[in-house]
Amino acid sequence: MAAVAYVPGASRGKRGQSGGVITPAPVHQAYRFALDPTVRQQRMLASAVGGARFAYNWGLELVKQRLEQREAGHDVQLPWTLPALRREWNRAKHQVAPWWPDNSKEAYSSGLDGLARALKNFTASRHGQRKGRPVGFPRFKRRGCRDACRFTTGAIRVLPDRKHIQLPRLGIIKTHESTRKLARHLERGTGRILAATITRTAGRWHVAFTCEITRQIPTSNGRASMVGVDVGVRHLAVLSTGEQIPNPRPLERLQHKRRRLQRRWSRQERQRIGTGRPHPSRRQQRIRRQIAVVEARAACIRRDGLHKLTSRLVTEHGTVVVEHLNVAGMLRSRHLARVISDAGFAQLRRLLGYKVIWYGAQLVQADPFFASSKTCSACGAARATLCLNERIFRCDDDKCGLMLDRDLNAARNLAKLAEHVAQSGWETINARGAEVRPGLAGRTAMNREAGTGRCPGQTGTVDAQAPTARTINTP
């Protein structure tokens with residue numbers, strides 16, 4: 001069945017300029033701001049995230065000890081949920097962490113909550129109740145690996161001057177940028193702060209407010225156009241209109257600097273303390289911080305490009321069609337793993353997923369086995385093989401003879417897929433998102449996998465088939 005996500009809101013609304021009915025609806029939205037703390041506040045922030053990490057590691061060690069005792073035949077209670085972990089922490093915190101009053105109780109609760117979520121995901125994955133890749137047993141956290149702390153209670157405010165925020169036990173902290181976007185919602189009463197999360201990335205501190213915002217959700221943005229988006233490595237996206245969005249390749253642009261710093265890091269001598277293994281020296285720690293700055297800059301450039309592209313697509317077009325790519329499988333190729341990760345295919349689809357709701361567009365997601373690259377966009381004939389190094393699509397039909405860029409041909413096929421789904425109805429696709437009856441060759445879409453191999457001999461074959469898709473995230 002086609003999966004349609006609906007955002008609950010008021011049943012009555014006003015009609016906007018675009019022609020659609022605008023309905024106020026509560027949505028969860030995050031606002032992230034860079035902080036400008038003093039030296040003393042930096043120590044307090046580091047202490048808070050350190051307390052969360054300590055509570056996480058302490059709880060994981062306790063769980064492992066209880067599991068070993070159960071294997072030995074002892075009848076002991078296993079703290080597996082957040083309430084059970086909190087009870088164990090309150091009993092032992094005076095002995096294991098006599099410095100616990102220095103931080104807010106939310107810091108330790110944040111670490112225990114992360115452990116409870118990890119244990120829950122591990123259990124669900126083992127019992128087949130969680131989709132995706134198998135989740136292993138939680139591992140200990142080290143310093144510098146996702147330093148974060150979450151606050152859900154206490155004094156969490158955005159001050160009226162729009163230059164400062166207030167967090168529990170940390171007090172008033174200056175922000176590096178204005179908080180006016182969130183402050184306006186709070187002043188009008190259309191926003192409510194649910195939680196605040198502080199993170200440290202490449203030596204910089206950020207705060208992210210999880211809020212419940214009442215947004216004006218339109219049923220339509222007034223655009224009747226349909227656009228197919230074919231993502232790739234050569235170009236970030238090729239639209240069915242013929243436009244090619246250049247790939248910024250942020251990590252590739254900074255790779256020369258990253259490699260130079262990594263070579264310097266490997267040549268530095270390590271510090272030997274006692275009889276244990278060598279520890280990073282001060283020079284190595286300084287180089288490591290510089291590497292983190294380069295990688296954080298690449299991540300910011302990538303995120304900025306994806307946000308600009310997705311916002312433009314949902315505001316200029318009424319229907320956006322993308323492919324549901326098996327990104328995890330594509331990353332197994334050691335030749336393409338870095339460039340695919342640098343492009344952010346999955347992130348683009350995730351951003352479109354919620355922006356179509358905010359701006360009144362529709363998102364159609366093509367089936368993973370839809371042969372968008374092998375099918376001719378003019379006559380509909382499908383090629384048997386198509387190697388990756390063939391950048392020009394040539395139709396095998398003698399009457400057609402189409403010669404077109406490979407990515408543009410795929411984007412046009414995706415746009416036609418939206419027209420087919422619109423004519424047949426948004427919720428008429430059954431089975432695996434394909435037609436229930438077998439096709440011309442008596443095979444379903446699972447057997448007609450439209451995968452492209454590394455060479456013509458490894459490329460799968462595909463028969464003529466009806467377009468398959470599913471519509472998601474419509475208002």
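Trainee: What share of the 475 residues in the protein is buried?

Mentor: Buried residues make up 42% of them. Keep in mind that this is a predicted model. The accessible surface comes to about 26700 Å², and carbon and sulfur atoms account for 49% of that surface.

Trainee: How many helices and strands does the protein have?

Mentor: There are 11 helices and 16 strands. As for contacts between residues at least 6 apart in sequence, 66% of them join residues at least 24 apart.

Trainee: In which sense do strands S2 and S8 pair?

Mentor: Strand S2, residues 21-34, and strand S8, residues 204-218, pair in the antiparallel sense, over 13 bridges. To place the register, take Arg32, whose bridge partner in S8 is Ala208.

Trainee: How many bridges join strand S7 to S8?

Mentor: Strand S7, residues 191-201, is joined to S8 by 10 bridges, and this pair also runs antiparallel. Here Arg192 stands opposite Glu212 in S8. S7 and S8 form a hairpin with 2 residues between the strands. In that hairpin, Ala202 has a positive phi near 55°.

Trainee: Next, empty space. How many cavities of 30 Å³ or more does the structure hold?

Mentor: The general idea comes before the count. Rolling a probe the size of a water molecule over the atoms shows where empty space is left. In this structure there are 3 cavities of 30 Å³ or more, and the largest holds about 60 Å³ of space.

Trainee: Which residues line the largest cavity?

Mentor: The lining consists of Val229, Val231, Val322, Glu323, Leu325, Phe345, Leu348 and Arg349. By class, 6 of the lining residues are nonpolar, 2 are charged and none is polar.

Trainee: Which elements each supply at least two residues of that lining?

Mentor: Strand S9 (226-231), strand S12 (319-323) and helix H10 (345-359) do. H10 gives the largest share, with 3 residues.

Trainee: Now a single residue. Where is Ser240 found, and is Ser240 buried or exposed?

Mentor: Ser240 is in the loop between strand S10 (235-239) and strand S11 (244-246). Ser240 counts as buried because its relative accessible area is 14%, and the cut-off for buried is under 20%.

Trainee: Which residues does Ser240 touch, leaving out those up to four places away in sequence?

Mentor: Ser240 touches Met226, Val227 and Gly228, together with Leu408, Ala411, Arg412 and Ala415. Met226, Val227 and Gly228 fall within the range of strand S9 (226-231), one of the elements already met at the largest cavity.

Note on methods
Residues are numbered from 1 along each chain as its sequence is written. This is a predicted model: local features need pLDDT of at least 70, side-chain atom pairs count only at pLDDT 80 or more; totals for chains, interfaces and linings use all residues. Side-chain values use heavy atoms; hydrogens and water are left out. On a 1 Å grid over the protein atoms alone, a cavity is a set of points where a 1.4 Å probe fits but cannot get out, and a pocket is an open set with protein on both sides within 12 Å along at least five of seven lines; lining residues have an atom within 4 Å of a point. Grid points are joined across faces, edges and corners, and a volume is the space filled by probe spheres set on the points. Helices (H or I, at least four residues) and strands (E, at least two) are DSSP runs, numbered from the N terminus. Ala, Val, Leu, Ile, Met, Phe, Trp, Tyr, Cys and Pro count as nonpolar, Asp, Glu, Lys and Arg as charged, and the others, Gly among them, as polar. Buried means under 20% relative accessible area, exposed over 50%, partly exposed in between (1.4 Å probe, protein chains only). Contact means heavy atoms within 4.5 Å. Accessible areas come from the Shrake-Rupley method with a 1.4 Å probe; for residues, only the protein chains shown count as cover. Two strands pair if DSSP finds at least two bridges between them.
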